[in-house]
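Student: I'd like a close look at one part of this model, please. Could you pick a region and walk me through how its pieces fit together?

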Amino acid sequence: MTGATAPVPGTAPVRKPVPTDGRDRSTRTAVTTMYRLTAGHRGPVAVASVLTLAGSALGLAQPLLAKHVVDASGRGQVLWPALALLGALFVAEAATAAVGHFVLDRMGEGVVRQLRHGLVGRLLRLEMREYDRHRGADLVSRVTTDTTVLREVVSQALVDLVTGSLAAAGALVLMAWLDPVLLCLVAVTVAVAAVVVASLLKGIRHASEHMQNALGALAADLERALGALPMVRVHRAEEREAAAIGTRVDAAYGAGVRTAKLASVMSPAVELAVQGSFLVVLVVGGLRVSGHTGSLGDLVAFLLYASYLVLPLSSVFHAVGLVQRGMGAYQRIEEALRLPVEPTGPRGPEPRAPVPRPHRPAAGPARERPAERVPARPVLALRDVRFGYDPGRPVLRGVSFTVAQRQQVALVGRSGAGKSTVFALVARFYEPDAGTVLFGGRSATELGRAACRARIAVVDQSAHVVHGTLRDNIAYAVPDAAERQIRRVVELARLEEVVDRLPDGLDAVIGERGSTLSGGERQRVALARALLARPSLLLLDEPTSHLDAVNESALTTVMKDVARECAVLVIAHRLSTVQHADHIVVLDDGRVAAGGRHEELLSGSALYRELAASQMLRSGGRAGSGDGPGG
């Protein structure tokens, strides 16, 4: 169930992408695709088209007036009303063109806005596997760069194709009425230019696709380097990263130069054809006037129409090139819109086996029995869960355990045993290949992702902190939290010193990725954020990885306090952090190798004893001087 075409709640509806497999590069297909993007904006397109056509009609009328003025001047007359009307037509043409351009630009911004809303809503809801397959910055460039390319296409090129073609057709009709012979000469030169342009269009689209892909790769590589800047600096890799990113810059440059090369050939071809036809008309028409086979007014009008023909023909050829370049950007947008998203609603309830009723003897009066106490359902239960990120490479091989209400359960094991994968399944980032995950006795698939995630909060090793104030980060899950609620979790997460140290306290800006905080402080901010949501199950992924011994001891106390309010499932490599947990699950190669309390596992599990010995952790919770290996 991919939900590939489902609309994103709260945003503009995502139109079903037009199938473009990259094989059909015809102009007709490209124009049809671009036209479908204007769905919902056809009114402004129609208004702009009418205004543009009106401007074209005003422009076509001017040479006819000029013809009458010239013919009248040849007879010694000055038609002042005609001159005034000619000036009025010129002003009216400019005004209608200005209004039409504004309507088109506004419509183009609206189309891009709708596309961006759809892309943002979809990218935030993609299946987690898609983020493993695509680079984040490349996806971002489809929202920013690629949609910007489309704006000019939908705001100008489509209307130019229609109005330019009609205006050119009108000019050609009037030229044929004035002098068919001269028109034939013009048609030959224009046909040569059309052949040249048609031969360049496929290359322009192909080069545009390469350029957009290169820009996406450039953004992804730069984001990777900036996201790991301390590592880059420490390992003196600035030059190496600059060279690697430079290859992306060079690739984008090469694709851009190729596009410019093809476009530079197309534009002069059109201009030379028009100028050549103008010279031919001037020479041949002049000879015809001198030979008294035509009037000077007809020649002036024909020349004006020939010069007027430059603009609509150039706009048509330019629009065709823009459409082909836009298809390169749309191809990438379409790919993003077709990526599968997480299903939003729950599945139907899973069928349950009927419970047989016990046989009761008919004889004898019924006697009341004392009510039996129904045990509380566990907050979380995994039943024979199996999962692998890739087919044929299982990570979990039948994992089963439960987390009772207000119980602290720890997952321990060697690196790669499957601990983080368990968290990913509990958070519904992935679906198990087999087995069942239950929340409060109900199947996760029956509840739906939103209902499952409403019951949990996660503090992972990354301790995500976003740009903004400390208050924004703590209240991220509960934006309308009261001040006393925020202060409570600040105290519970031991963040008072951080708040007191920052110049503006909770309202201090903590920088990109929390750059003004230490690793341990970011971990505690993430913990406070999780506690504010008041989850029924708190997931802690190696919460002490960035803490010193003093803060680790404080966090252990915090975990005990939190366990009084909700269940806690914690991943730990430092066994000293979880030695007082109510239950410890030992994972090994995707299986549950053992389970119990710390003292029980020390005596009953060889693997747990090995983990404890590596950290010099002995019975009674005493540890040696080392923290032990991570992983």
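Tutor: Let's go through the open sheet and its helix, then glance at two other helical spots. Keep in mind that this is a predicted model. The sheet is built from 4 strands in the order 2-1-4-5, with antiparallel pairing. Strand 2 (396–403) and strand 5 (442–443) sit at the edges, each pairing on one side only. If you zoom in on the strand 5 end, strand 4 (residues 434–439) pairs with strand 5 in the antiparallel sense over 2 bridges. Arg-442 in strand 5 is the bridge partner of Phe-439. Now bring in helix 11 (residues 419–426), which lies across strand 1 (380–387), strand 2 and strand 4. Helix 11 runs at about 115 degrees to strand 1.

Away from the sheet, have a look at helix 5 (residues 136–178) and helix 9 (residues 296–308), whose axes come within 10 Å and cross at roughly 160 degrees. That angle is over 145, so helix 5 and helix 9 are roughly antiparallel to each other. Their crossing is left-handed. On the helix 5 side, the contact residues include Ala-167, Ala-171 and Leu-174, while those in helix 9 include Ala-301, Phe-302 and Tyr-305.

Last stop is helix 17 (residues 519–532), where 14 residues reach 20 Å from the first C-alpha to the last, close to the 20 Å expected. Helix 17 is largely enclosed by the rest of the structure, because 12 of its 14 residues are buried. Among the buried ones are Glu-521, Arg-524 and Arg-529, along with Val-525 and Leu-527. Just after helix 17, Arg-534 takes a positive phi of about 50 degrees.

Terms used
Residues numbered from 1 in each chain as written. Predicted model: local features only at pLDDT ≥ 70, side-chain atom pairs only at ≥ 80, totals over all residues. Heavy atoms only, no water. Expected span 1.5 Å × (residues − 1). Buried < 20%, exposed > 50% of the residue type's maximum accessible area, 1.4 Å probe, protein only. Pairing = 2+ DSSP bridges. Contact = heavy atoms within 4.5 Å. Axes fitted to C-alpha atoms, helices over the stretch in contact; angles between N-to-C directions. Parallel < 35°, antiparallel > 145°, perpendicular 65-115°, else oblique. Left-handed = near helix turned anticlockwise from the far one by under 90°.
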